[in-house]
Every structure is written in structure tokens, then in C-alpha cells.
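Biologist: I would like a close look at one part of this model, with its surroundings set out afterwards so that I can place it in the whole.

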Amino acid sequence: MPDSDITKKALAAAMKKLMAQKPFLKISVRDICEECGMSRKSFYYHFKDKYDLMNWIFAEDFVGRIDPGAYETEWGLLDDLCRYFYAEREFYCNALRVEGQNSFKEYFFETQRPLIASYVQHVFARNVKKDFYVAFFCDGFLSAIARWLQEGSGILPEEFIEDMHGILVLLARRVVETEK
């Protein structure tokens, strides 16, 4: 493993550990560097800021390890995503509380957009306002994920994705029926 990857992974591990102890907004770059015994210079060589590191963790741990073409449907990918978030829920509960520019919410919205666009294209074949539908479903999925993780309701990923699938299929049927 190249030194660059080792450094990034050490910074990521420090960030995850700190986010288990306190809110993201109370964590400084100095805290991250002290936790893993690295200099601020090393941090800034690899990341623009702590937001960049938080987003890199998702990109490295999930996005970079999946092959979207290996799934028969979008639901398989969403199932894996929900299982990943559930396994890492302590980190993502904290990450999803952060608002604003460069936040994880913003980054996650952009990474899920192509997946949801594919779903919208598949389900809503007619000439609908696809950009609006994609944004609507991205917002809804993001909010549902955040609520599911943060409320700690004990719903397992399988049940959560089954509920999501059921409501979206029902909604899609209703929209298609009203378009006829």
C-alpha cells in the first residue's frame, strides 16, 4: 500500500474515532492530527479540510468498492448502501447532522443522483419533469436514511429497504396511473 494511502487511512481512522466521541463541528484538524500522530501539513497535503476527509471516507469505504454494473437492479445497490450505513451508523449519524456547503449530505446527494436518475428513467418512461423527480427522490432518500440512522429505531437494513421499495413502487404506480 502506498504511503499516501496509509496516511489517508490513518487520518480517516482518527476522524471516525473522534466522531464517535463528539460532534463533527467540534472536531478540528488539529484534533485529527493529534489523534493519529501526524502533522497538519500532512493533513493538508491530502485533504482540503475536514469535510473533504469525511467525504473521502464514504468514497473510499463504499463508492470505490462497488461495481454498479454488478447489480441486477438499483435495489441491490441500495440494499448494500443501507447495510453499509447501518454497520457504520455511529459515524454517519454524526456526518448526516452536518449542514451546508461541502457537507456529507451535499456530497451524498450528488453521489446518489445518478442511481436515482436511472430509477426515475426506468419507472417514469413518459416525458415527466425528470430533474424535479430526481431531486425530489434524492431529498426523500437522504432524509429517510438520516432519520432511520439517527432515531435508532432498531429497524434492520433489510426491513428499511423493503419499506423504501414498497413506498416508491406504490408511488410510481399512482403517478403512472394518473398520467394515462
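Biologist: Which residues does W75 touch, not counting residues up to four places away in sequence?

Modeller: Setting aside residues up to four places away in sequence, W75 touches Y119, I161, M164, H165 and L168, where contact means heavy atoms within 4.5 Å. This is a predicted model, in which local features need pLDDT of at least 70 and side-chain atom pairs count only at pLDDT 80 or more, while totals for chains, interfaces and linings use all residues. Residues are numbered from 1 along each chain as its sequence is written, and side-chain values use heavy atoms, with hydrogens and water left out.

W75 lies in helix α5, helices being DSSP runs of H or I of at least four residues and strands runs of E of at least two, numbered from the N terminus. With a relative accessible area of 14%, W75 is buried; the term stands for under 20% relative accessible area, exposed for over 50%, and partly exposed for what lies in between, with a 1.4 Å probe and protein chains only. W75 and E162 are 87 residues apart in sequence, but their C-alpha atoms are 9.3 Å apart in space. Helix α9 spans residues 157–179 and has the lowest confidence in the protein, at a mean of 80, whereas α2 has the highest, at 97. The confidence score is pLDDT, the predictor's own value for each residue from 0 to 100; its mean over the protein is 87, and 92% of the residues reach 70 or more.

The setting of W75 is a protein with nine helices and zero strands. Its C-alpha atoms fill a box of roughly 60 × 30 × 30 Å along the principal axes, and buried residues make up 39% of its 180 residues. Of the contacts between residues at least 6 apart in sequence, 64% join residues at least 24 apart.

The loop after α5 (74–87) holds E88, which forms a salt bridge with K16, with 3.4 Å between the closest N and O atoms; such a bridge needs a side-chain nitrogen of Lys or Arg within 4 Å of a carboxyl oxygen of Asp or Glu. Because E88 sits between α5 and α6 (89–95) while K16 belongs to helix α1 (residues 3–19), the pair ties together parts that are 72 residues apart in sequence. E88 is partly exposed at 26% relative accessible area, as is K16 at 24%. Together with D61, these two residues are linked in a network of salt bridges, and the structure holds 10 salt bridges.

Helix α1 takes part in another of these pairs, since the side chains of K17 and E35 meet in a salt bridge with 3.0 Å from N to O. K17 lies in helix α1 and E35 in helix α2 (residues 29–36), so this pair ties together parts that are 18 residues apart in sequence. K17 is partly exposed at 44% relative accessibility, and E35 is partly exposed at 33%.

K50, found in helix α4 (residues 50–61), offers a contrast: K50 is buried yet has no salt bridge, and the nearest side chain of opposite charge, D31, is 7.4 Å away. In that statement Lys and Arg count as positive and Asp and Glu as negative, with His and the chain ends not counted. Beyond its neighbours within four places in sequence, K50 is in contact with M15, F24, L25, I27, V29, I32 and F43.

In the loop between α6 and α7 (104–123) lies N102, which has a positive phi of about 70° although it is not a glycine. Most residues other than glycine have a negative phi. N102 is partly exposed, with a relative accessible area of 34%.

At the surface, F132, in helix α8 (residues 130–151), is exposed at 52% relative accessible area.
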